[in-house]
Amino acid sequence: MEEKFIYLDYAATTPMRPEVVEVMTPYFTKEFGNPSSLYTLGRNARGAIEDARDRVAAFIGADSREIVFTSGGTEADNFAIKGVAYANEKKGKHIIATPIEHHAVLEPCHFLNKRGFELTYLPVDEHGIVDPADVEKAITDTTVLVSVMHANNEVGTIEPLEEISKVTRAKGVYLHTDAVQTFGHIPVNVNDLGVDLLSVSAHKLYGPKGVGVLYIRRGTRMVSFMQGGSQENNRRAGTHNVAGIVGFAKAVEIAEREMAAEATRLAELRDHLIRGIFEKIPNSRLNGHPSKRLPNNVSMCLVGAEGEAILLSLDMEGISASSGSACTSGTLDPSHVLLAMGIPAEIAHSSLRLTLGKETTKEDIDYVLDILPPTIERLRAMSPLDASWGKSKC
Ligand code: PLP
């Protein structure tokens, strides 16, 4: 019998589509030119990059000159935050972020905070939502940047950026968003959202790892991220990852075609899974917003069972899942996202994130719904954590 393998960690990364691999392949071998070289081989590579830039720009309603290729979402976030902070020091040294950001945003904020920048965290409600009124209250004369993610990678909550950007615009403060989890999955348009900077990553939408984009609205004062050659209009030095960029553009082209139907399909599977967990596992609670959430995200606290133990048990049954974000798995700290949403540490320790994608079927979800309840029952019986914890909240 074939071994079961059900991948439910698409928020961590996705497999590359065969079409993506196919368009990338020549750029590793035959079309190996340096895009900065002036002869034909170099010009071919340059042309491929510019076509990719046009495609990404059109997908988010931007101008191609506003697109900077990076080594991924982490670099795009670092570039946005440090780039704006250092370029606008004369205006002020105050930045604002949410406590539920990915570490790729939190860490550059801490870095700046240690070096003389003031940092304010916005409150979030129990669903992880930021109130635009709190953004308005937090902005001072010295604020240069507000960073609020488009959707949270752990709990899937989608933030009200359209309203938040009305505030930042009225106050003349730059707004950055980390759209790594939304780009290619739900509509992302920089003008509808009203953002000045937006980070994306190719490997979350069936593209290659190690390539991303920072959108920088025209006129935004930034310092360049890397110094060296004059690539990317002097904003990000370094020879381009040509194959990665070409693959990224292919993934965008596929997302453009398939995104709407796939979001509807996944939202149905997501809701089937959430309903099933509620029905079959007592004392379970949904993390994040019940409706303003990513179509593929199921994040639950299965109170009384320990997150890492759930993961390992599911892995033995052929199911790949996550407890909190992949980057913090392996540590025993409860998720900073759940804690910021006011979930007690004892409950946060029982979190399980299942994120659905291209290969996920109804049969997969039904398999999880067969395996998970007895797994949780067994772990609860063994666990020192009290399953009655937070009963009133579930
Ligand atoms: N931001 C968010 C919300 C993410 O989920 C991730 C990846 O997990 C990143 C940033 C980092 O992106 P990358 O893996 O491309 O560096």
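1. In this predicted model, the side chains of D134 and K137 form a salt bridge, with an N to O distance of 3.3 Å. The two residues are three places apart in helix α5 (residues 132-138), and therefore about one helical turn separates them. An α-helix has 3.6 residues a turn, so residues three or four places apart point the same way. The partners fall into opposite accessibility classes: D134 is buried, at 18% relative accessibility, whereas K137 is exposed, at 66%. The value for D134 lies under the 20% cut-off that defines a buried residue.

2. A second intrahelical pair is found in helix α9 (residues 242-280), where R257 and E253 are four residues apart, that is, separated by about one helical turn. Their side chains meet in a salt bridge at 3.4 Å, N to O. R257 counts as exposed, with 54% relative accessibility, while E253 is partly exposed, with a relative accessible area of 22%.

3. The pair R257 and E253 should be read in context, since both belong to a network of salt bridges that also includes R55, K250 and E256. Across the whole structure, the search finds 21 salt bridges.

4. A further salt bridge joins the side chains of E19 and R17, with an N to O distance of 3.6 Å. Here R17 is buried, at 11% relative accessibility, and E19 is partly exposed, at 28%.

5. Turning to the ligand, 13 residues surround it, and the closest are G73, T74, D178, S201 and K204. By class, this shell consists of eight polar, three charged and two nonpolar residues. Which helix supplies the largest share of the shell? Helix α3 (residues 73-87) does, with three residues.

6. Oxygen atoms of the ligand have several polar side-chain neighbours. S201 places a polar side-chain atom 2.6 Å from a ligand oxygen, and for H203 the corresponding distance is 2.8 Å. In the case of K204, an N or O atom of the side chain is 2.6 Å from an oxygen atom of the ligand. The ligand on its own has 390 Å² of accessible area, of which the protein covers 87%.

7. Helix α3 merits a separate comment. The helix has 15 residues and spans 21 Å from its first C-alpha to its last, close to the 21 Å expected at 1.5 Å a residue. Is α3 largely enclosed by or largely open to its surroundings? Of its 15 residues, 13 are buried, so α3 is largely enclosed by the rest of the structure. This is the helix that contributes three residues to the shell around the ligand.

8. One loop position is also worth recording. S37 lies in the loop between α1 (18-24) and α2 (40-59). S37 counts as buried, at 16% relative accessibility. The side chain of S37 makes a polar contact of 3.2 Å with the side chain of Y39.

Terms used: Residues are numbered from 1 along each chain as its sequence is written. This is a predicted model: local features need pLDDT of at least 70, side-chain atom pairs count only at pLDDT 80 or more; totals for chains, interfaces and linings use all residues. Side-chain values use heavy atoms; hydrogens and water are left out. A residue is near a molecule or strand if one of its heavy atoms lies within 4 Å of it. A polar contact is a pair of N or O atoms within 3.5 Å; within protein, one must be able to donate a hydrogen and the other to accept it, and residues adjacent in sequence count only if both atoms are side-chain atoms. Accessible areas come from the Shrake-Rupley method with a 1.4 Å probe; for residues, only the protein chains shown count as cover. Ala, Val, Leu, Ile, Met, Phe, Trp, Tyr, Cys and Pro count as nonpolar, Asp, Glu, Lys and Arg as charged, and the others, Gly among them, as polar. A salt bridge is a side-chain nitrogen of Lys or Arg within 4 Å of a carboxyl oxygen of Asp or Glu. Buried means under 20% relative accessible area, exposed over 50%, partly exposed in between (1.4 Å probe, protein chains only). The expected span of a helix is 1.5 Å times one less than its number of residues.
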